[in-house]
Amino acid sequence: MKSFKRFYQFCLETPGYFAAMVVILLVTGVAESILPLFYKAFVDAIMSGSKANIFTVLSWYIALRFFILLAGLVRHYVHDVVLIAANRSAYLAVFRKIQTLDFSYQINKTTGSLISAMKRGEGAFFGFFFALNYEIPLAVISFAVLFISFSFVDMTLVGILALTLMVEVALGYYLIRFNIQTRRAFNKVEDAVSGIVVDNFLNYETVKYFAKEAREFLRLKKEFVPWTEKIWGYAYSFYYLNFFAGIIGTIGLVSVLLYSIQLFMTSAISTGELVMILGFVTAFYDKLFRLLYQFRDVFKQSTDLEKFFSVLDESETVLDPKHPITMEKVSGDISFDSVHFSYPDGKEHAVHDMSLNISAGESIAFVGPSGAGKTTLTKLLLRLFDPDSGTISIDGVDIKDMEKTHLRSHIGVVPQEPILFNASIGFNIGYGLDQVSQAQIEEAATLAQLHDFILTLPDGYETQVGERGVKLSGGQKQRLAIARMILSKPEIIIFDEATSQLDSESEKLIQKAFWKVSKNITTLIIAHRLSTVKKADRIVVIDDGKIVEQGPHTRLLQKKGRYKKLWDLQS
């Protein structure tokens, strides 16, 4: 029921058009349903031998047909206005929700399953709307007109049709439930297939590096075993529905026809009434069969919509404050005060009792073994997660008192592996600003030691970088990420393992660009390659979520502690 409620919340975003749609649907539904009454009127007029009566009936019939035609066009237009607006709002709401959900939600979902759910959800919205706001109401109106019309002829006819309808609905209920169960099972395996395909598209380089094309083919082929089983189960549910609904419908149709003929043979009904009955009944069983399939579609679409809308029920754990503090500009003082944090499914205390003060304009380098908690600190500073206890503040303001988007607007990040949009170099460099000029983009690229390279490309700044930036080398992507960060004009910079996988020449270019743009800006550097951090004002050595040493490069070497061992290993 939650899917139905949420669906109509989106439909009612255009209440005027929705009300008009209901009224027009009711009027046109009645107009279309009373057409068999004209069959009786035609026969009665012909039997009377009056040309005037025949002309009158024909005139009214033609007028009604034209009205149905014109009203049908209006109905479809209003229908589409409501549908398009509602679908747009629903899609945007789900997309926005996914964008605002916590980092933990994103890393626990596969791209394939999300894309599959979004795609099915959008398609289901159209089918759901068509069934609930068009096909089913028209069928109900048609049945109401039929029962009322037959009540003036013979109540036994009404009883036969009512009994047929009840049996069809009862049987349909159980068959449709079975159909939906098989649909859910099929959706699950289809998501698994989609996940493998998308995973391969995103990691095709790794597949080729290890020459595992055959393995990936077999992995997908193996996943098609349960897929085939489930899709056949889904198909069989249709066979059962078709067979049993058809049997009952045929029995009901034959019963009505035999009884009507008996009434006619005993002169209980006129020729016109017999023709009317035939017109109504043939339409009734066709619409009854279609109605069952519309109900099946509604429940099938509700299964897809349920998953589509379920995103809207996801709750955020990293919440914005009710009364946020806004800081137009920050100097860059950062304080970690007794911070404890552990990932929900990770080891205990990824960060343990961390206290650290960073002065405005100071460059701090975090070094230590993998998994020591270095990157976790920056994620906590960005509020991708909130600490279990303790506080993190900027310029004396607890970051929990700031909106996440506002907090992050003060921080620039150069990640270890920059992910780029499948767009132009210029678009990717200027992504951090809503309004950016070409001159600003080129200035940032120059500072990042990237401008000269871009000019060698045939399309210059309009060069497409490919999906995830695949057309650029690692060093080029890193310099682009630095240029992108420069344009956002942050007061705090996070440089996360950005040179660990690069050659010496690329590292030299990136370091030159980085130290140039980070001068007098509070800077947090995460590095395994210690040559990157020698210039840092302070180096903080972290192990097992704790600070074990800190100080400038030369002093830590003299101390001959953990940092000295790391330095000697790399030297």
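## E135, salt bridges and a small sheet

E135 counts as buried, at 12% relative accessibility; buried here means under 20% relative accessible area, exposed means over 50%, and partly exposed is in between (1.4 Å probe, protein chains only). This is a predicted model, in which local features need pLDDT of at least 70, side-chain atom pairs count only at pLDDT 80 or more, and totals for chains, interfaces and linings use all residues. Residues are numbered from 1 along each chain as its sequence is written, and side-chain values use heavy atoms, with hydrogens and water left out.

Back to E135, which sits in helix 6 (residues 111-151). Helices (H or I, at least four residues) and strands (E, at least two) are DSSP runs, numbered from the N terminus. Leaving aside neighbours within four places in sequence, E135 is in contact with F130, R290 and Q294, where contact means heavy atoms within 4.5 Å.

### Salt bridges

Searching the whole structure turns up seven salt bridges. The term stands for a side-chain nitrogen of Lys or Arg within 4 Å of a carboxyl oxygen of Asp or Glu. Here are some of them, with the N to O distance.

| Pair | Closest N and O atoms |
|---|---|
| K329 and E491 | 3.6 Å |
| E362 and R538 | 2.9 Å |
| K564 and D568 | 2.8 Å |

Take the salt bridge between K329 and E491. K329 lies in the loop between helix 10 (271-310) and strand 1 (334-341), and E491 in the loop between helix 16 (474-487) and strand 7 (492-496), so the pair ties together parts that are 162 residues apart in sequence. The two ends sit in unlike surroundings: K329 is exposed, with a relative accessible area of 63%, whereas E491 is buried at 13%.

Then there's the salt bridge of E362 with R538. This pair also links distant parts of the chain, 176 residues apart, with E362 in the loop between strand 2 (351-358) and strand 3 (363-367) and R538 in strand 9 (residues 538-543). E362 is buried, with a relative accessible area of 12%, and R538 counts as buried too, at 15%.

K564 and D568 are a local affair: both lie in helix 19 (residues 562-570), four residues apart, or about one turn of the helix. K564 is partly exposed at 22% relative accessibility, and D568 is partly exposed at 42%.

### The sheet and helix 11

Now for the strands. Four of them form an open sheet in the order 2-1-4-5, with antiparallel pairing; two strands pair if DSSP finds at least two bridges between them. Strand 2 and strand 5 (397-398) are the edge strands, each pairing on one side only. Further in, strand 1 runs antiparallel to strand 4 (residues 389-394), and five bridges join them. S335 stands opposite S393 in strand 4.

Helix 11 (residues 374-381) packs on this sheet, touching strand 1, strand 2 and strand 4, and its direction makes about 110° with that of strand 1. For that angle, axes are lines fitted to C-alpha atoms, for helices over the stretch in contact, and angles run from 0 to 180 degrees between N-to-C directions. Six of the eight residues of helix 11 are buried, so the helix is largely enclosed by the rest of the structure. The buried ones are K374, T376, L377, T378, L380 and L381. Just after helix 11, R383 takes a positive phi of about 60°.

### Other positive phi values

N520 has a phi near 65°, a positive value in a residue other than glycine. N520 is in the loop between helix 17 (504-517) and strand 8 (522-526), and is exposed, with a relative accessible area of 67%. D544, also not a glycine, has a positive phi near 55°. D544 lies in the loop between strand 9 and strand 10 (546-551) and counts as partly exposed, at 45% relative accessibility.

### A nonpolar patch

Finally, the surface. F178, W232, Y236, Y239, Y240, F243, F244, I247 and I251 form a nonpolar patch there, with about 930 Å² of accessible area together. Patches are made of residues with over 30% relative accessible area and no salt bridge, with like charges joined within 9 Å and nonpolar side chains (Val, Leu, Ile, Met, Phe, Trp, Tyr) within 5 Å. Accessible areas come from the Shrake-Rupley method with a 1.4 Å probe, and for residues only the protein chains shown count as cover. Helix 9 (residues 213-265) gives the most to the patch, with eight residues. Y236 lies in helix 9 and is partly exposed at 41% relative accessibility.
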